[in-house]
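Biologist: I would like to go through this model with you, one question at a time. Please give the reasoning before each result.

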Amino acid sequence: MREEIKSKMVEKEINGTIEDPRLKAITSSIRVVPDFPKPGIMFNDITTLLLQPKVFKDVIDMFVERYKGMRIHAVAGIEARGFIFGPPVALAIEAKFIPLRKPKKLPGEVISEKYVLEYGKDCLEMHVGALEAHERVLIIDDFVATGGTLSAAIRLIERAGGEVVECACLLGLPKFKVRTSPLFQKISLIYIRYHYPLELNNFQNVVLINCRSPASLMASQ
């Protein structure tokens, strides 16, 4: 059985490191399901978090605290769990919500982007006309692994004339931290979750909240 490393939750700031008491509850509320949806995948189940209203609110509040005042015109949520976190954040920062959906789910004219998942291939679509030129967009999803889904979402928004300010995710895998592509300079995470034995992972536990550039932070670890 794989050992899950218990992360020490910290919040990175420019002038040092402080603990955020909300992170411990968020961490413990997410269930890890091994071998789902296929063998070898450690699935992070956020439905257990949604059963705890205070913890759910803490997640939304942490995103709102970051993005309020950043002149976000639209929040784009990635199907399906981006639909859970995106709308309350959009309402709180007074932005419109745009669903990025799987193929053949939107009734109007769409533009689409294909992408590769950690365990397959898929496609995202959005309605033509959902964005106006140069609108500032926040993309929200629950989880980042390879970055394929977020890359497709960014391309979709940019093709529609929008400007992607940042991508907000609840959590990511440890391998996220070694990414150096421009995409990973745009991602804000609440925390990174560990699923692997310590001897197989030499990274230090770190939370990437309120950080515009996670990849650059890792250079200092």
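Modeller: One term comes first: two residues are in contact when heavy atoms of theirs lie within 4.5 Å. Keep in mind that this is a predicted model.

Biologist: Which residues of helix 1 meet helix 3?

Modeller: The two helices pack with their axes 9 Å apart. On the side of helix 3, the residues are Val55, Asp58, Val59, Asp61, Met62 and Glu65. On the side of helix 1, they are Arg22, Leu23, Ala25, Ile26 and Ser29.

Biologist: How many residues of that contact between helix 1 and helix 3 are charged?

Modeller: Asp, Glu, Lys and Arg count as charged. The contact of helix 1 with helix 3 has six nonpolar residues and one polar residue. The number of charged residues in it is four.

Biologist: Are helix 1 and helix 3 oblique or roughly perpendicular to each other?

Modeller: Their packing angle is about 125 degrees, and their crossing is left-handed. Roughly perpendicular covers 65 to 115 degrees, and roughly antiparallel begins over 145. The angle falls in neither range, and therefore helix 1 and helix 3 are oblique.

Biologist: Is Ser29 buried or exposed?

Modeller: Ser29 belongs to helix 1, which spans residues 21-29. Leaving out residues up to four places away in sequence, Ser29 touches Thr48, Leu49, Gln52 and Val55. Its relative accessibility is 3%, and the cut-off for buried is under 20%, so Ser29 is buried.

Biologist: At what angle do helix 3 and helix 4 pack?

Modeller: Helix 3 covers residues 53-67 and helix 4 covers residues 82-92, with their axes 10 Å apart. The angle between them is about 55 degrees. That makes the pair oblique, and the crossing is right-handed, with the angle, once more, at about 55 degrees.

Biologist: What class are the residues in the contact of helix 3 with helix 4?

Modeller: Helix 3 contributes Phe56, Val59, Ile60, Phe63 and Val64. Helix 4 contributes Ile84, Phe85, Pro88, Val89 and Ala92. No polar and no charged residues take part, and the 10 residues of this contact are nonpolar.

Biologist: Which residues have side chains joined to that of Glu113 by a polar contact?

Modeller: Glu113 is in strand 7, residues 110-117. It is buried, because its relative accessible area of 13% is under the 20% cut-off. Beyond its neighbours within four places in sequence, it is in contact with several residues, including Asp122, Cys123, Leu124 and Ala152. The polar contacts between side chains, of 2.9 Å and 3.0 Å, go to Arg155 and Arg159.

Biologist: How far apart in space are Asp141 and Gly77?

Modeller: Asp141 sits in strand 9, residues 136-144, and is buried at 8% relative accessibility. Among the residues it touches are Ile78, Arg81 and Gly82, with those up to four places away in sequence not counted. Asp141 and Gly77 are 64 residues apart in sequence, yet from C-alpha to C-alpha the distance is 6.2 Å.

Biologist: Where are there cis peptide bonds?

Modeller: Most peptide bonds are trans. One cis bond leads to Pro37, in the loop between strand 3 and strand 4, and another leads to Ala80, in the loop between strand 5 and helix 4. Omega is about 5 degrees for Phe36 to Pro37, and near 0 degrees for Glu79 to Ala80.

Biologist: Is Arg71 buried or exposed?

Modeller: Arg71 is in the loop between helix 3 and strand 5, and has a positive phi of about 55 degrees although it is not a glycine. Most residues other than glycine have a negative phi. The relative accessibility of Arg71 is 58%, and exposed begins over 50%, so Arg71 is exposed.

Biologist: What is the relative accessible area of Asp35?

Modeller: Asp35 lies in the loop between strand 3 and strand 4. Its phi is also positive, near 60 degrees. Asp35 counts as partly exposed because its relative accessible area is 48%.

Biologist: What share of the residues in the whole chain is buried?

Modeller: The protein chain has six helices and 11 strands. It holds 221 residues, and the buried share is 50%.

Note on methods
Residues are numbered from 1 along each chain as its sequence is written. This is a predicted model: local features need pLDDT of at least 70, side-chain atom pairs count only at pLDDT 80 or more; totals for chains, interfaces and linings use all residues. Side-chain values use heavy atoms; hydrogens and water are left out. Axes are lines fitted to C-alpha atoms, for helices over the stretch in contact, and angles run from 0 to 180 degrees between N-to-C directions. Helices (H or I, at least four residues) and strands (E, at least two) are DSSP runs, numbered from the N terminus. Angles under 35 degrees count as roughly parallel, over 145 as roughly antiparallel, 65 to 115 as roughly perpendicular and the rest as oblique. A crossing is left-handed if the near helix is turned anticlockwise from the far one by less than a right angle, and right-handed if clockwise. Buried means under 20% relative accessible area, exposed over 50%, partly exposed in between (1.4 Å probe, protein chains only). A polar contact is a pair of N or O atoms within 3.5 Å; within protein, one must be able to donate a hydrogen and the other to accept it, and residues adjacent in sequence count only if both atoms are side-chain atoms.
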